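Q: I should like to learn how the features of a protein model are read, one after another. Where should such a reading begin?

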Amino acid sequence: MTIDFLGIIVRVKGDYYAKNIEIFKSMQNISIYLIEKDRIILSLDCDDIKLLINRMKEIENLEGVIDIYPVFDLVNFFL
């Protein structure tokens, strides 16, 4: 399986919004794709599934994170 793109929709409590944006900016392999209301949409650039899982756990455990929703683009899933 090749993961060409992983998007992560992160819902954040208002009080932690700015703090978490700064944390995301400092994370390796993470780009902020879109910021709107209580959601921050991130893109994760990585081919290592273990790193993907660890990064998602790290994001999920940040203070103020309500929940996360991964969005996969599995273009080469069946190849």
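A: It may begin with strand pairing: two strands count as paired if DSSP finds at least two bridges between them. The model shown here is predicted, and in it β2 and β3 run antiparallel, joined by six bridges. Within this pair, Leu34 stands opposite Ile41 of β3.

Q: What do β2 and β3 form, and how many residues lie between them?

A: The two strands form a hairpin, with two residues between them. Lys37 belongs to the turn. At 76% relative accessibility Lys37 counts as exposed, because the cut-off for that class is over 50%.

Q: How is a backbone phi angle to be judged?

A: Most residues other than glycine have a negative phi. Lys37, in the loop between β2 and β3, departs from this with a positive phi near 50°. Asn29 is another non-glycine residue with a positive phi, of about 70°. Asn29 lies in the loop between α1 and β2 and, at 34% relative accessibility, counts as partly exposed.

Q: How does the hairpin fit into the order of elements along the sequence?

A: The protein has two helices and four strands, arranged along the sequence as β-α-β-β-α-β. The hairpin is made by β2 and β3, the two adjacent strands in the middle of that pattern.

Q: Which residues does Ser31 touch beyond its neighbours in sequence?

A: Leaving aside residues up to four places away in sequence, Ser31 touches Ile41, Leu42 and Ser43. Ser31 itself is part of strand β2, residues 30-36. The C-alpha atoms of Ser31 and Leu44 are 6.5 Å apart, although 13 residues separate the two in sequence. Is Ser31 then buried or exposed? Its relative accessibility is 40%, so Ser31 counts as partly exposed.

Q: How should one read the interior of the protein?

A: The general idea is that in soluble globular proteins nonpolar side chains tend to be buried together. In this model, the largest nonpolar core has 19 residues, and those touching the most other members are Ile8, Val10, Phe24, Leu42 and Ile59. The elements that supply two or more residues to this core are β1 (5-12), α1 (17-26), β3 (39-44), α2 (49-60) and β4 (65-73). β1 gives the largest share, four residues. For the protein as a whole, buried residues make up 33% of the 79 residues.

Q: What does Leu42 touch?

A: With residues up to four places away in sequence not counted, the contacts of Leu42 include Leu6, Ile8 and Val10, as well as Phe24, Ile32, Tyr33 and Ile59. Ser31 is also among them. On the scale of the whole protein, residues 24 or more positions apart account for 67% of the contacts with a separation of 6 or more.

Q: How can a helix be checked for its length and for the side that is buried?

A: For length, one compares the expected span with the distance between the end C-alpha atoms. The 12 residues of α2 should span 16 Å at 1.5 Å a residue, and the end C-alpha atoms are 16 Å apart, which agrees. For burial, the residues to consider in α2 are Leu52, Arg55, Met56 and Ile59, which are buried. These four lie on the same side of α2, because they cover an arc of only 100° around the axis.

Q: What remains to be said of the surface?

A: The accessible surface of the protein comes to about 5300 Å², and 52% of this belongs to carbon and sulfur atoms.

Terms used: Residues are numbered from 1 along each chain as its sequence is written. This is a predicted model: local features need pLDDT of at least 70, side-chain atom pairs count only at pLDDT 80 or more; totals for chains, interfaces and linings use all residues. Side-chain values use heavy atoms; hydrogens and water are left out. Buried means under 20% relative accessible area, exposed over 50%, partly exposed in between (1.4 Å probe, protein chains only). Contact means heavy atoms within 4.5 Å. Accessible areas come from the Shrake-Rupley method with a 1.4 Å probe; for residues, only the protein chains shown count as cover. A nonpolar core is a set of buried Ala, Val, Leu, Ile, Met, Phe, Trp, Tyr and Cys residues joined through side-chain atoms within 4.5 Å. The expected span of a helix is 1.5 Å times one less than its number of residues. The arc is that of the directions from the helix axis to the C-beta atoms.
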